[in-house]
Amino acid sequence: MSGHSNARMAQILDNEQLSATETSDPDSAGVAVRSKPLWQDETVLNLEPDTGLLVTHVNQTQDLLRIQGQNASASDSQTSEEWLGNHSLDSMKLSITHLLSQGRVAMAKGDCMRKEMEFSADTVNAFESRLYEILELYHRRIRWLMEGSRKMFGLVKGTRVGLAIDASDANFGAGRLDGFQRSLLYLLDEQLCYKKQLYLMSIGTDDSPLWRTLRDVNIRTLHEARQWVQQLRPSGGCNVLQAMKKMLAVKELNSLVIILGSCPDQTSDVLFDYIEQCMIGRNLPVHTVAYDCSNPMTHTALKKLAKASRGRFHCYSSDSQDLTYSSCDVHLLWRESQRAVDLLNKIKEMRQGMMGDALISIMQEISTEVAKLPPTRFLPRPPNHDRPLGIEMPNFLPKTSGEWIKNNGLKAKRLSLYQVLAPNAYSLVEEFVPILRKTVCSTLHEKAMMQFEWHDGTVKNIHVDPPLLYNYQKQLGQTVKMYERRVEWLTSGSRQIWGTVCEQRQVDPMLFCPLSETNSMYIIHIQHSLRLLLEQQMTNKECFNIIAYGSEMKPWNTEMVPPTPENLQDAWKWVQSLQCEGSRNLMGALKHALEVDLLDEQIGCQGIYLFTSGVPDQDGALVSSYVAERCGGCDLRLHVCLFSLDKFDLQGFIPARFATASDTATLLRDLALSGMGRFHWFKETGIIDSDDINIIMAEMEKAVNYSQKCAMLVKSLKQRSDNKQPDDDPESEESQRAQIKREKRNPLKLSAPKPTALTLARMQAREDSLEDSPPSRALTWRPSSVKASIPPAQPMKSWSPSENEVKQKKKIEVSQSVFYTEEGNSVGLVFKKYPKAKSVRKSIPFAALPKEEAISSTKQWLKKFSIKRLKLDLHRLLSGPDCTHQKKLVPAMQKKVSAKYCTIFPSVEVNGVVKHLQFQPPELEEYIDQTERVLRRYIQRMQWLLSGSRRLFGTVLEKSVCILLDTSGSMDPYLSEVKKEMTSLIWEQLHKNGVSFNLLSFSDSVQVWKDRLMDATEEACHEAVQWVSMVKAHGSTCTLEALQAAFQFADAQGFYLLTDGKPDTSCNFVLKETEKLMQGKQIAVHAISFNCSDSTANEFLKKLASQTGGRYHRCHGELDGHLVAHRMLTEGFTDEDDPVLPAFEGDDLRRLALEIGKARRFLTQARTFRALLLDKQMKSDKLDAFSTSPVYSEKSKSNLPVSKSTIS
């Protein structure tokens, strides 16, 4: 039923539930119950105007619809058997018999006694094309049967329908009732509401009909049926035979539907015999439905019932879709589609010259004119390839899997195993006992809890709750099913080829499709891929463009245009006219698109989708470096879609560059990584690799791992409980009873009690009280009980420290208790609360790094994220007192010797001081991982600083600035480049960040754009760009006058001075005058050196920036910086000295480069320390193994020296 029909029915019924059912999933939770509405007349609005034909009888409906061009689809009410009567291969004349009848028998060449079949090429191609079309029609029909209520109950036939519903305890138990009710409501709203009459009955131990007789379908009848379905409750067994007797007694029925979810009380033979007898002389087809039932006996009984009444059988399962294909309607279509596939395979055999034992020859009837056409003209085309686009409008904005997982991942839904176990997880607590002089821990957890390894490597004690874990595993299963639906969606339609076009904001995709000669035999595939993308994913974007590239670039449009239906159809016509030629000049296409086409665009392109089948003509590192520069610091993303070719015939053409499939995928994956985009790799057989699918699969593997750990915990708990079963041996119990009786008859004589420790304590306390002082409360005797305990002793008298001793900052709290010993009646102390010793070991912290770039100077940024601030300074981690190597003088030996532990720990030299390396290899592994993360973040920051307008002007920090531009005669060769960068600065930084600004140019004189600072609106930015384009280079450099004019803007917070040399006046004079201008003002002057190799001028700019609190910037080494950054991110940080960073002179880049160098040094040292520890550990293991060997122990015993202590 169409969405429009459901909406109209909801409007007539005035029922909120019905309109909600039209778009909701039948599996969604919650079934609302409404009270019966008052009867009222309804007025149907939005009726179509009368065309002059008044429908007075139902038979005239077809005539009216045909005249209006709205022919009703009769196939919607036909069973598959009826539908195949007009659409089967035989009825469409597409069987193998019909194909052979179109050929002719001829004698084989060279063998007069052998015959062969000859077919024309047009005949075979037309027959094959019709087969593909009918196969697609079968698949569409199957998909239609697998939607809505047809998937759960099949297609309900008839106009007077009787419905028998299984209401047994087995069908409504285990949480099945709500889902079953929702499905029945869906059936009512989608199919049964269009019947003439209905009769409803529930099957239990006793059947319960809703009405006594058939009821006409109207508003009140449907409302009563919905309320009846919502009030269904379990009713015992499943007495199908009794329900059948009452249903068959209703003579007016012409269709009977039986829905069972459990096994009937009667056997299948009994039901079959009864229905067979009742159907004699009566035509009442029984449509049987097995609803989410896996019992084979139920399936057998329902199949026999349907067969006996010439009805149909339908099966639905929420777990396996394969069972649905066993339904009658779906099975007939599937069998017919398999016949079509077998026939297509036979046509392939015909093309190869053989079909079984018969020779086949397909005649090629090509004229002279046709022979001149390119070979690609004769490639097989998909159905509807030459027709206009069938444009679809997506009803939601898709997301990448990374963004989707943020809201639907296990951690986001609080389904992580560690989140579930956290309330019942306890850390192992160890305390130091002074009297034992060691650290001990409780062993109670070993009896009551399970030990479980946490995600950080620690071991925690877990209280295992089996019902909680069972529900958690069910939720995991539902989540995995949701992930499977996501993967199925990602592998359907155009997403199987392109992935998802799904940036968060308004997307302006630019599509790059390859037209190199290597793709000549796959041009139809490329065109069809673009067709699917234009039909399914382009309509909800803001604007788009298509660029075809070979040796030369061919854009569809000169600018990006909105995806209106007219533009999409025009783009498809242009795509159909494309031809393949040349090689893959990807670099030229990217430069033309990003530097020419998008220069005048107000809204920049946010997504580039590169569709390619091989490596570009240029070097991969060069292309990746260029893409990283263009995509850094902006919203532009480059996504790569690789179409892998199995084989191709180039007919002598050799491409500029060639690589294997794996090398091609590696290069293009790096290219997508440089463009901060996604990589998608597919071939004709399906998807090979996809970033979106990999993220979902990783989350599914994590869910499976959590489920396995849950099963392990429950299994361990069960094994422990089995081991603790009480001993129920009756003989042992009887022996214990006999022992107790013997003890009662012959009681043992007890000797006089000896004085215990408590008695001695009281005696000693009494003696002390008589001699010195009254007894202390701590020595008062108390009776022994479970809750009794010895009270704490009185606090000791505080002693005053000597003058030489340093006072402690915090008083250490110590709690003590007194006890008495047997020997000498002396008093001892027990420390109840012992002060914890401070650990001098420093753990490896986790580096919390920002994902987004902050608009700040490198100096401010490093105050938060430097190596020292992140506590990753390796030298500080090795500077503890326990790491210091010391030698002490031994008086007996008269020399300094090292401590005993010096041979245990390796020694390293740090800043000229010998230290002991008291780290473990896992700790150094963690340090290496954290340092590599920090290094990658530093490199990304450097790429951001070298991208866009920040390359020339640096980062604009203030909210109100004035730009001072040197337009002297020496700037003339570079002025066009500076104008482009100024335009980029205005739009990229000033307009985007809302910075109020003014422009000022200086040469012989000073030219000011406005007399005040202007807000960065679009109009102001357009006007500023026009003013910059009119600037010309001439004259000298009046730097001082420019600064004096800029200081007239009192509300400015910063000046950005760009110049290529020294001022006309003295440099010291300019510095002194600037110092006078700065009095009472907080304005930073950021000096920018452009193409200046004069050391005196650069030194002047550095002093000017330092004097005013600004920054010095010089655009030098940016290309080398991009290459180095790309190599580090792709090759890793394996070598401290290779690649070498450029010698940056600007403050921001120089500070960041120094921090990168420090991190690389620490990383190299950490790897060296790890290798040293592993080497020492390996040697120690070998020595231990050698010392424990039997041969070594015998030799060592024989070589022992004989001494007096040994002999005695």
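Contact, in what follows, means heavy atoms within 4.5 Å. With that settled, good morning. The model I am presenting is a predicted one, and I shall take you through several of its regions in turn.

Let me begin with helix α11. Its buried residues pack against three strands, β3 (160-166), β4 (197-203) and β7 (255-260), and against helix α12. The residues in question are Val240, Leu241, Ala243, Met244, Met247 and Leu248, each of them buried. Around the axis they cover an arc of only 160°, which puts them on the same side of α11. The general principle is familiar: an α-helix has 3.6 residues a turn, so residues three or four places apart point the same way.

The neighbouring topic is α12 itself, residues 268-278. Here Ser268, Leu271 and Ile275 are buried. Viewed down the axis of α12, these buried residues fall within an arc of 65°, so they line one face of the helix. What do they pack against? The partners are α11 (240-248), strand β8 (286-291) and helix α13 (296-308).

I return now to β4, one of the strands that the buried residues of α11 pack against. Seven of the seven residues of β4 are buried, so the strand is largely enclosed by the rest of the structure. In a regular strand the side chains alternate between the two faces of the sheet. In β4 both faces are covered: Gln197, Tyr199, Met201 and Ile203 are buried on one side, and Leu198, Leu200 and Ser202 are buried on the other.

Which strands pair with β4? With β3 the pairing is parallel and runs over seven bridges; within it, Asp166 stands opposite Ile203 of β4. With β6 (residues 215-216) the pairing is antiparallel, through two bridges, and Arg215 in β6 is the bridge partner of Leu198. With β5 (residues 208-209) there are again two bridges in the antiparallel sense, and Met201 stands opposite Pro209 in β5. A hairpin of four residues connects β4 to β5.

Let me move on to a three-stranded sheet. This open sheet has the order β12-β16-β15, and its pairing is antiparallel. Its edge strands are β12 (425-427) and β15 (450-453), each pairing on one side only. On average, and with direction ignored, neighbouring strands in this sheet are turned by 40° against each other. The antiparallel strands β12 and β16 (residues 459-462) are joined by three bridges, with Ile462 in β16 as the bridge partner of Ala425.

The next region is a pair of helices, α21 (residues 523-536) and α22 (residues 565-576). Two packed helices are described by the angle between their axes and the distance between the axes. For α21 and α22, the axes come within 10 Å and cross at roughly 175°. Angles over 145 degrees count as roughly antiparallel, and α21 and α22 are therefore roughly antiparallel to each other. Which residues meet across this contact? From α21 they are Gln527, Leu530, Arg531 and Leu534, and from α22 they are Leu568, Ala571, Trp572, Val575 and Gln576. By character, the residues of the contact of α21 with α22 divide into six nonpolar, two polar and one charged.

Further along the chain we come to a six-stranded sheet. It is open, has the order β32-β31-β30-β33-β34-β35, and its pairing is mixed. The edge strands, β32 (1006-1008) and β35 (1112-1114), each pair on one side only. From one strand to the next the twist averages 20°. Within the sheet, β30 (residues 960-966) and β31 (residues 996-1002) pair in the parallel sense over seven bridges, and Ile963 stands opposite Leu999 in β31. Lying across β31 and β32 is helix α34 (residues 1018-1029), which runs at about 10° to β31.

My last item is a single residue, Gly1109, in the loop between helix α37 (1095-1108) and β35. Is Gly1109 buried or exposed? Gly1109 has a relative accessible area of 59%, and exposed means over 50%, so this residue is exposed. Its C-alpha atom is separated by 8.6 Å from that of Gln1082, a residue 27 positions away along the chain.

That concludes the presentation, and I thank you for your attention.

Key:
Residues are numbered from 1 along each chain as its sequence is written. This is a predicted model: local features need pLDDT of at least 70, side-chain atom pairs count only at pLDDT 80 or more; totals for chains, interfaces and linings use all residues. Side-chain values use heavy atoms; hydrogens and water are left out. Axes are lines fitted to C-alpha atoms, for helices over the stretch in contact, and angles run from 0 to 180 degrees between N-to-C directions. Angles under 35 degrees count as roughly parallel, over 145 as roughly antiparallel, 65 to 115 as roughly perpendicular and the rest as oblique. Ala, Val, Leu, Ile, Met, Phe, Trp, Tyr, Cys and Pro count as nonpolar, Asp, Glu, Lys and Arg as charged, and the others, Gly among them, as polar. Buried means under 20% relative accessible area, exposed over 50%, partly exposed in between (1.4 Å probe, protein chains only). The arc is that of the directions from the helix axis to the C-beta atoms. Two strands pair if DSSP finds at least two bridges between them.
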